[in-house]
Amino acid sequence: MSETITGAEMVIRALQDQGVEHIFGYPGGAVLPIYDALFLQDKVHHILVRHEQAAVHAAEGYARSTGKVGCVLVTSGPGATNAVTGLTDAMLDSIPLVVITGQVPTYLIGSDAFQEADTVGITRHCTKHNYLVKDIADLPRILHEAFYVASNGRPGPVVIDIPKNIQFESGPYARQADNQHKTYRPKVEGDPARIAAAVELMTRAQRPIFYTGGGVINAGSGATKLLRELAALTGFPVTSTLMGLGAFPASDPQFLGMLGMHGTYEANLAMHDSDLIIAVGARFDDRITGRLDAFAPHSRKIHIDIDPSSINKTVKVDIGIVGDCAHVLHEMVRVWKETAPVIDKSRHAPWWADIARWRARNCLAYRKDGQFIKPQYALERLEALTKGRDRYITTEVGQHQMWAAQFLHFDEPNRFMTSGGLGTMGYGLPAAIGVQIAHPDALVIDVAGEASIQMNIQEMSTALQYRLPVKVFILNNEYMGMVRQWQELLHGGRYSESYSDALPDFVKLAEAFGGTGIRCDKAEELDDAIRRMIDTPGPVIFDCLVDPAENCFPMIPSGKAHNEILLGDAVADIGSVIDDKGKALV
Amino acid sequence: MSSIYSDAPPPTPVLRHTLAVIVDNEPGVLARIAGLFSGRGYNIESLTVSETQHEKHLSRITIVTAGTAAVIVQIKAQLSRLVPVHRVTDLTVESDAVERELVLLKVVGQGEQRLEALRLAQAFGARTVDATLKSFVFELTGSSDEVSRFIELMTECGLAEVSRTGIAALSRGADAL
């Protein structure tokens, strides 16, 4: 049954038909008809942000914490260009979004009209797909197709640019029976012969390791269960990328922690020494591999990914399996049970003995002396005092992000939201807002730095407006810490423009927004202060003053191999790991 | 260590491949493909595009590109993941493809130079599609090498203007895309 409604009404109807409950946005001239249609209904709730970039990050947080498609509505011109950073972030981290942008009327396109920007041109490279709707007859199909494209295959952001005259025009609307794209059909099922060959390699491996990524989380809760089942069946160690944390439980003895540039010693050494890497939904990012020609030199590699372009992109693999992680893992479990029901796990005893030796180095150890709170200590206490709660963590980007990945532990997927691929400072607070909208009763904490938080601090106002009790936990070291760390290592300690001068008083700032501010600069007062933060209703900014000189270790300097990892000076038996030159750097 | 990124990889041999890409004929599809090449640093040596199946709104894009073996594989995978792309066929791998290019070429001159231009055109089997007392426009279809040779010779005979179409290509044999 089709009915005749306006383009603006179609937008809202399509959102309703897709089951969308929340949309993040900011009004403006070119989307007023859609905002009017929004006003006249009560199924889709609009969250008014304070900057369009934040709308996209909030939708990302919403999507990543629920597995649903995140939705955004912004106006033309500056509304769309402000959304570009968020779109690029979602593109690199494979987050499904549908972003609706207003556009000047079709008859003004190309005339440099007020608030005109070539949105489809600008966003072509930072979206999975985009549409400019020039005919009202195409609008219903495009609206539903966008949800299909965003969420099928490798997920990503989709932009629909709708000129204002199309929003006013009327046309027939009917909910399509299926909202598939007419030709886009990503391959979901992995090739059976390759899966069998992969399992065959796995049964013979002496030093195997699972290297898992965000794709496992994107593939849904079924995929994480299957990963756990396959790991239990095989007894292989598991390491994860930043984006994949939580897909495999951090508390499981088979888990080696995060790998890569700031990953654990045991995870990186295990990758380097392995004879078989099973990459599941991970893309051999440069932060993971380090020096490519020295990456896992003795290993064969199996790569499972839904995106064929991820396979053999940077690292040549022996068996590439294109397919959805959930499907491929399901088949691997089945084939494993059929062909290798019992494996002599003692065969891996030497491998686990190596891993135990690496673990004994206690690579995350840090010195607790000095007058300052150590950032690692602050996160250890945050972890201890929030454990067992219904907890979601977002982060900004920098040292605090890496420490959060090292010191906060996730046993479930969809609990850790961070900007991995693009590394977007300012991601955490709006993402936390999106998470809190989706999970109103949960404890949502944005682990932040004093520099990153200022990039989208205006969203405190959004948190207050919607009574979202997000907690912003700032590790305030008065530096863009990661920049300072690299300047220390690469540029002779010349701290060019990385000092956070003229910082605001974060306690007063929180209060000015109508929230609560807490400051802590003494380790012995930290536990009480964190408890106070958790118990305070409403938004809190926690200004935790930490050691300004602390660096984030372990660290694989770029252009180095995994086994050239640098460790902090508190690690057991440091002398055998780095030479004097390395020590000077530490 | 001097950068937060790793060093550039060592150089590897570059290969030339001809790709046939079947796409939805929708606005922006060519920009999407051209943008993919510029955005990821791939080369385009030649690109031709035209609607080939009107009722299905399908266009065929023929791209001649050059890159290392790994880059060629990436180009095909990256093209394939674009939503409006139906299929990507590497004509250089799958067959010894028939490749042809059309050139329109204008020579201006009089006397012996003009006669030499006409003789060369005849030798290459070019058609004369326009003639005045002072000029000719020739049309030649052939391989890119043939076309290039023709143009080079014509530079001695009053060559004034050239328009090449870029390469159209089909696989040999009975199999069709």
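**View 1. Where chain A meets chain B in this predicted model.** Let's start at the meeting place of the two chains: chain A brings 24 residues to the contact, and chain B brings 23 residues. On chain A, strand 6 (129-132) and helix 20 (481-490) each give at least two residues to the side that touches chain B. What classes of residue make up the side of chain A that touches chain B? There are nine nonpolar, eight polar and seven charged residues.

**View 2. The open sheet of chain A.** Follow the strands across and you will meet six of them, in the order 3-2-4-5-7-6, with parallel pairing. Which strands of chain A stand at the edges? They are strand 3 (45-48) and strand 6; each has a single partner strand, so one side of each is left without a neighbour in the sheet. From one strand to the next, the twist averages 20°.

**View 3. Strand 6 of chain A beside strand 7 of chain A.** Here we zoom in on one pair of strands from the sheet. Strand 6 of chain A and strand 7 (residues 157-163) of chain A run parallel and are joined by four bridges. To find your way along the pair, look for A:Leu132, which has A:Asp161 of strand 7 of chain A opposite. Strand 6 of chain A may look familiar from View 1, as it also supplies at least two residues of the side of chain A that touches chain B.

**View 4. Two helices that meet the strands of chain A.** Helix 3 (residues 52-66) of chain A lies across strand 2 (22-25), strand 3, strand 4 (70-74) and strand 5 (97-103) of chain A. Its direction is at about 165° to strand 4 of chain A. Helix 5 (residues 84-92) of chain A packs on the sheet too, where it touches strand 5 and strand 7 of chain A. With strand 7 of chain A, the direction of helix 5 of chain A makes about 145°.

**View 5. Helix 1 of chain A and the glycine that follows.** Is helix 1 (residues 7-17) of chain A mostly covered or mostly uncovered? It is mostly covered, with nine of its 11 residues buried. Among the buried residues are A:Met10, A:Val11, A:Ile12 and A:Leu15, and also A:Glu9 and A:Arg13. After helix 1 of chain A comes A:Gly19, which has a positive phi, near 80°.

**View 6. The domains of chain A.** Chain A is divided into domain 1 (3-173), domain 2 (192-359) and domain 3 (375-545). Between the C-alpha centres of domain 2 and domain 3 of chain A the distance is 31 Å. Each of these two domains has 13 residues in contact with the other. On the domain 2 side, eight of the residues are nonpolar, five are polar and none is charged. The unreviewed UniProt entry places a feature called "domain: Thiamine pyrophosphate enzyme central" at residues 195-331 of chain A. Over that stretch the chain is 36% helix and 20% strand, and its end C-alpha atoms are 7 Å apart.

**View 7. Two domains in chain B.** Chain B is assigned domain 1 (15-94) and domain 2 (98-170), with centres 29 Å apart over C-alpha atoms. Their contact takes eight residues from domain 1 and six residues from domain 2 of chain B. Which strand of chain B gives the largest share of the domain 1 side? Strand 2 does, with three residues. By class, that side has four nonpolar, four polar and no charged residues.

Methods: Residues numbered from 1 in each chain as written. Chains lettered and ligands numbered in written order. Predicted model: local features only at pLDDT ≥ 70, side-chain atom pairs only at ≥ 80, totals over all residues. Domains from an automatic or database assignment. Contact = placed C-beta atoms within 7 Å. Nonpolar A, V, L, I, M, F, W, Y, C, P; charged D, E, K, R; others polar. UniProt positions renumbered as here; feature names shortened; annotations may be inferred. Pairing = 2+ DSSP bridges. Axes fitted to C-alpha atoms, helices over the stretch in contact; angles between N-to-C directions. Buried ≥ 20, exposed ≤ 12 C-beta atoms within 10 Å, placed from the backbone.
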